[in-house]
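Student: I should like a close look at a single part of this structure, set in the context of the chain as a whole. Please proceed from the general picture to the detail.

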Amino acid sequence: MEPRERIILALDVSEYEDAIDVVRKFRGHIDTFKIGSELFTSVGPRIIKEIHLMGKKVFLDLKFHDIPNTVAKSALAAAKLGVFMFNVHTLGGFAMMKHAAETLTRFSLEQNIDRPRLIGVTILTSINQDALRDELSVNVRMNTQVKHLAGLAQRAGLDGVVASPEDAEMIRSRFGKGFLIVTPGIRPSWAAMDDQKRAMTPRKAVQMGADYLVIGRAVTSQPDPIGALKRIEDEISDL
Ligand code: C5P
């Protein structure tokens, strides 16, 4: 994959105009933009339509988690918006994921389009081992739980998972080459850590098996954002 295809720029703003400004600024350098719940809840689907009109792709990061019927219908709505990628929580269970995957396959065949990449969130990285045990009452190692949920996602027909860079190597070796790994928590050695605790450099994350890197502040908060993006692309260009 080309370095440029790997990088997904996070639109972590809540105003329509601010998001469009970022897309305008980066449209010559970025193919895919991530829209999360803050932006989507604030401005709705028109932001997706506008980004598509600008010739760019969208990763819709809404992490659906509901009963199978509702998630399948949400998946269909995302597919109708034409997004390139979106996600669901694997903790919604096998039936939920399978119903969403099958609904997407049917729709894509009918429309003769590429199926949007359906990605599972395993355990949020804000949950640590203590919270897993004490709050969620899951008494296995984090790594074991992430592996279990990624396996469930693959069997249900999902295309891959969102994972912390630290889990990428384990997921790649366990689930093979075709299973997509999308990693946030990326920081080049020259960028501030901000609130990321266990960040990894772009190069290391790709070496560990990441297909797509979700990047926000390491690019957008730099004095020279396009220069920062180019440095990141250079860093992964031979991988
Ligand atoms: O600015 P930064 O590169 O840290 O932003 C990363 C993006 O990835 C943000 O949109 C953030 O919400 C998202 N994300 C994350 N860590 C996770 C899951 C998602 O940083 N574990």
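Tutor: The mean positions of the 32 positive and 30 negative charges of the chain lie 4 Å apart. These values, like all that follow, are computed from a predicted model. The chain exposes about 11,400 Å², of which 48% is supplied by carbon and sulfur atoms. As for the interior, 51% of the 239 residues count as buried.

The overall fold can be described next. Its secondary structure comprises 12 helices and 8 strands. The radius of gyration is 17 Å, close to the 18 Å that the globule rule gives for 239 residues, so the chain is as compact as a globular protein of that length. Along the principal axes, the C-alpha atoms occupy a box of roughly 45 × 40 × 35 Å. Among contacts with a separation of 6 or more, 67% are between residues 24 or more positions apart.

Against this background, the part chosen for the close look is strand 7, which spans residues 180–183. Strand 7 is covered on both faces. Leu 180 and Val 182 are buried on one side, and Ile 181 and Thr 183 are buried on the other; a residue counts as buried when its relative accessible area is under 20%. Strand 7 is also paired: strand 6, made up of residues 160–162, runs parallel to strand 7 and is joined to it by 3 bridges. Within this pairing, Gly 160 stands opposite Leu 180, and Leu 180 is one of the buried residues named above.

Definitions and conventions: Residues numbered from 1 in each chain as written. Predicted model: local features only at pLDDT ≥ 70, side-chain atom pairs only at ≥ 80, totals over all residues. Heavy atoms only, no water. Helix = DSSP H or I, 4+ residues; strand = E, 2+ residues; numbered from the N terminus. Rg over C-alpha atoms; globule rule 2.2 N^0.38 Å. Buried < 20%, exposed > 50% of the residue type's maximum accessible area, 1.4 Å probe, protein only. Contact = heavy atoms within 4.5 Å. Areas by Shrake-Rupley, 256 points an atom, 1.4 Å probe, with all protein chains shown as cover. Lys, Arg positive; Asp, Glu negative; His and termini not counted. Charge placed at Lys NZ, Arg CZ, Asp CG, Glu CD. Pairing = 2+ DSSP bridges.
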